[in-house]
Amino acid sequence: MSRTLGRLRRVVGDPLLVPSGRGLTLTPRAREMQPRVQAALAGAVAALRPPTDVELSSLRREFRIRAKDGVALSLGAPLLELVAREAPGVRLRLLPEGEEDSADLRTHVDLDVGELPDPLPHDVRAPTLREHRMVAVTRAGAGFAGAPLAPERFAALPHR
């Protein structure tokens, strides 16, 4: 602590604390600085404090969600209904997929549901929401049922 006080004294050009009886007393310069230092510390503490829970009913904001048409169709109506009930001041804007650019996630898109380019910027979080398993349905006796079906083999099969 004394090294830190020494550095502060050199930067400020004032002893800041001087002996007084059995303790230390603030110098006039330290007393003058005290309100600003306290305000700066309060600001730093507030910035480092974990965010408080958001009161959804009072939130006023637009969120832009980019997704494939199928995802927007299947999730859009239930999501819009839930948001209207829980957060009436929130507006959802569903954006179609297009030229995917991860830089959009900083400026134009709040949530991208779909495949993102690789590599992603270090500040973009991309958790897996769901994995899809593809299933092929064939007629009985087609001769290729039960074996693994790679995309190339699937594409080469007759489709009637």
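**A tour from Leu16 to the sheet**

Start by selecting Leu16: this residue is buried, with a relative accessible area of 9%. It counts as buried because the cut-off is under 20% relative accessible area. Keep in mind as you click around that this is a predicted model.

Now look at what sits on either side of Leu16: the residue is in the loop that links α1 (2-12) to β1 (17-20). Check its backbone too. Phi of Leu16 is near 65°, which is a positive value in a residue that isn't glycine. Most residues other than glycine have a negative phi.

**Next stop: the sheet**

Colour β3 (61-67) and β4 (90-96), then add strand β5, residues 111-113. In what order do the three strands of this open sheet lie? Read across and you get β4-β3-β5, with parallel pairing. The edges are β4 and β5, as each of them pairs on one side only. From one strand to the next, the twist averages 25°.

Zoom in on the β3 and β4 side. Seven bridges hold this parallel pair. You can click through some of the partners: Phe63 faces Leu92 in β4, Arg64 is opposite Arg93 in β4, and Ala67 has Pro96 in β4 as its bridge partner.

On the β5 side, β3 and β5 also run parallel, joined by three bridges. Here Arg66 stands opposite Asp112, a pair we'll come back to.

**Follow the chain over the helix**

How does the chain get from β3 to β4? Start at β3, where those seven bridges to β4 are. The path goes through helix α3 (residues 69-86), and this β-α-β crossover is right-handed. Go back to the whole sheet, with its edge strands β4 and β5. Helix α3 packs on it and touches β3, β4 and β5, and the helix direction makes about 175° with that of β4.

**Look into the core**

Select Ile65, Ala67, Val83, Ala87, Val90, Leu92 and Val113 together: these seven residues form the largest nonpolar core. Both β3 and β4 supply at least two residues of this core.

Now keep just Ile65 and show what it touches. Leaving out neighbours within four places in sequence, Ile65 is in contact with Leu79, Leu92, Arg93, Leu94, Leu95, Leu111 and Val113. Two of those names, Leu92 and Val113, should look familiar from the core you just selected.

**Last stop: a buried pair**

Show the side chains of Arg66, in strand β3, and Asp112, in strand β5. Are they buried or exposed? Arg66 counts as buried, at 4% relative accessibility. Asp112 counts as buried too, at 10% relative accessibility. Both values are under 20%, so both residues fall on the buried side of the cut-off.

What does the side chain of Arg66 make with the side chain of Asp112? Draw the distance between them and you'll find a polar contact at 2.7 Å. These residues also stand opposite each other in the β3 and β5 pairing, so it's worth leaving both on screen while you turn the sheet around.

Conventions
Residues numbered from 1 in each chain as written. Predicted model: local features only at pLDDT ≥ 70, side-chain atom pairs only at ≥ 80, totals over all residues. Heavy atoms only, no water. Core = buried A, V, L, I, M, F, W, Y, C linked by side-chain atoms within 4.5 Å. Buried < 20%, exposed > 50% of the residue type's maximum accessible area, 1.4 Å probe, protein only. Helix = DSSP H or I, 4+ residues; strand = E, 2+ residues; numbered from the N terminus. Contact = heavy atoms within 4.5 Å. Pairing = 2+ DSSP bridges. Right-handed = clockwise from strand over helix to strand, strands pointing away. Axes fitted to C-alpha atoms, helices over the stretch in contact; angles between N-to-C directions. Polar contact = N/O pair within 3.5 Å; in protein donor to acceptor, adjacent residues only side chain to side chain.
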